[in-house]
Amino acid sequence: MRAILHIGDMKCGSKSIQGWLASNAALLPEHGLHRSAAPAFSIYDSGLACYALDDGDLDAEPRREHAIHSATEVPAFRRRLDERLAAEVAALPATARGMLFSHEMLLSLEPPEVDRLMGLLRRRFSEVRVVAYLRRQDRLFLSLWGQRLKTHDPGSTFCDDLLTHRSYLRMLETWERAVGRDNLGVRVFDRRAFAGGELVADFRLA
């Protein structure tokens with residue numbers, strides 16, 4: 001059994017991939033693939049990020065989405081998610097080849113947080129395959145700047161903060177150490193680079 005983990009990045013079509021997975025959830029089992037309800041929030045799996053984040057990281061959106069308000073609530077949440085995922089995997093048919101998960105925040109997890117998430121997945125799956133889409137950083141910054149301007153002034157440290165937190169080499173090395181280079185698929189978020197010129201078709205081959 002393989003876990004296929006789409007980890008982002010932000011502004012790289014994650015919602016399109018998640019929407020496709022949600023709309024085809026009933027058809028995926030025909031190909032031996034299944035979606036998990038255990039970590040789901042809306043059409044994405046923020047429960048995985050909520051599980052992985054350090055106990056005291058309470059301001060992160062995944063923690064708010066899963067109604068975690070204090071560090072004392074985190075261990076119970078992790079136990080529940082582990083138990084629910086175990087039950088789902090145990091109930092899969094013999095034809096199952098893997099489960100698909102997606103959340104764009106996973107790419108930016110710190111090494112101890114990745115290790116924590118991998119502990120959860122390795123208890124249930126013999127292999128973890130990771131897929132990441134990366135946008136050229138100057139284009140990413142422009143997209144995020146425009147999004148931020150819709151609500152408030154991005155501030156004078158906007159670009160410096162992004163440069164600090166979007167070191168793709170450091171982020172990918174963290175995941176490479178966790179799953180191995182052969183299980184890390186890195187794709188360029190550019191229509192000209194997509195298989196067939198279309199994001200979902202490219203993801204299906206990743």
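**Exercise 1. Describe the surroundings of Ile4 in this predicted model.**

Ile4 lies in strand S1, where helices (H or I, at least four residues) and strands (E, at least two) are DSSP runs, numbered from the N terminus. Residues are numbered from 1 along each chain as its sequence is written. Because the model is predicted, local features need pLDDT of at least 70 and side-chain atom pairs count only at pLDDT 80 or more, totals for chains, interfaces and linings use all residues, and side-chain values use heavy atoms, with hydrogens and water left out.

Step 1. Establish the burial. Ile4 has a relative accessibility of 15% and therefore counts as buried; buried means under 20% relative accessible area, exposed over 50%, and partly exposed in between (1.4 Å probe, protein chains only).

Step 2. List the contacts, a contact being heavy atoms within 4.5 Å. Not counting residues up to four places away in sequence, Ile4 touches Leu33, Met99, Leu100, Phe101 and Arg129.

Step 3. Compare sequence with space. Ile4 and Val131 are 127 residues apart in sequence, and their C-alpha atoms are 7.6 Å apart.

**Exercise 2. Determine the burial and the contacts of His6 and His103.**

Step 1. Locate the two residues. His6 is found in strand S1, whereas His103 is placed in the loop between S3 and helix H5 (111–122).

Step 2. Assign the burial. His6 has 0% relative accessibility and so counts as buried; His103, with a relative accessible area of 5%, is buried.

Step 3. Read the contacts beyond four places in sequence. His6 touches Ser14, Ile17, Phe101, Ser102, His103, Leu106, Val131, Tyr133 and Phe203. The partners of His103 include His6, Ile7, Gly8, Gln18, Tyr44 and Pro62.

Step 4. Add a C-alpha distance. His103 and Phe41 are separated by 62 residues in sequence and by 9.9 Å in space.

**Exercise 3. Which residues of helix H1 are buried, and what covers them?**

Step 1. Identify the residues. In helix H1 (residues 14–23), the buried residues are Ser14, Ile17, Gln18 and Leu21.

Step 2. Examine their directions. They cover an arc of only 95° around the axis, which puts them on the same side of H1; the arc is that of the directions from the helix axis to the C-beta atoms.

Step 3. Name the cover. It includes strand S1 (2–6), strand S2 (33–35), strand S3 (98–102), strand S4 (127–134) and helix H9 (199–205).

**Exercise 4. Identify the backbone features at Asp9, Lys11 and Ala67.**

Step 1. Recall the expectation. Most residues other than glycine have a negative phi, and most peptide bonds are trans.

Step 2. Inspect the loop between S1 and H1. Asp9 lies in this loop, and a cis peptide bond with omega of about 20° joins Gly8 and Asp9. Lys11 lies in the loop between S1 and H1 as well; although not a glycine, Lys11 has a positive phi of about 60°. Its relative accessible area is 30%, so Lys11 is partly exposed.

Step 3. Turn to Ala67, in the loop between helix H3 (61–65) and helix H4 (74–91). Phi of Ala67 is positive, near 55°. With a relative accessible area of 42%, Ala67 is partly exposed.

**Exercise 5. Is Tyr51 buried or exposed, and which residues does it touch?**

Step 1. Tyr51 lies in helix H2 (residues 46–52), and its 7% relative accessibility means that Tyr51 counts as buried.

Step 2. Beyond four places in sequence, Tyr51 touches Arg63, Phe77, Arg78, Leu81, Arg116, Leu117, Leu120 and Arg123.

Step 3. As a further distance, the C-alpha atoms of Tyr51 and Thr164, 113 residues apart along the chain, are separated by 24 Å.

**Exercise 6. Characterise the protein chain as a whole.**

Step 1. Count and order the elements. The chain has nine helices and five strands, which run β-α-β-α-α-α-β-α-β-α-α-α-β-α from the N terminus.

Step 2. Assess the dimensions. For 206 residues, a compact globule would have a radius of gyration near 17 Å, and the protein chain agrees with 17 Å; the radius is taken over C-alpha atoms, and the globule rule is 2.2 Å times the number of residues to the power 0.38. Along the principal axes, the C-alpha atoms fill a box of roughly 55 × 50 × 30 Å.

Step 3. Consider burial and contact range. Buried residues make up 46% of the 206 residues. Among contacts between residues at least 6 apart in sequence, 75% join residues at least 24 apart.
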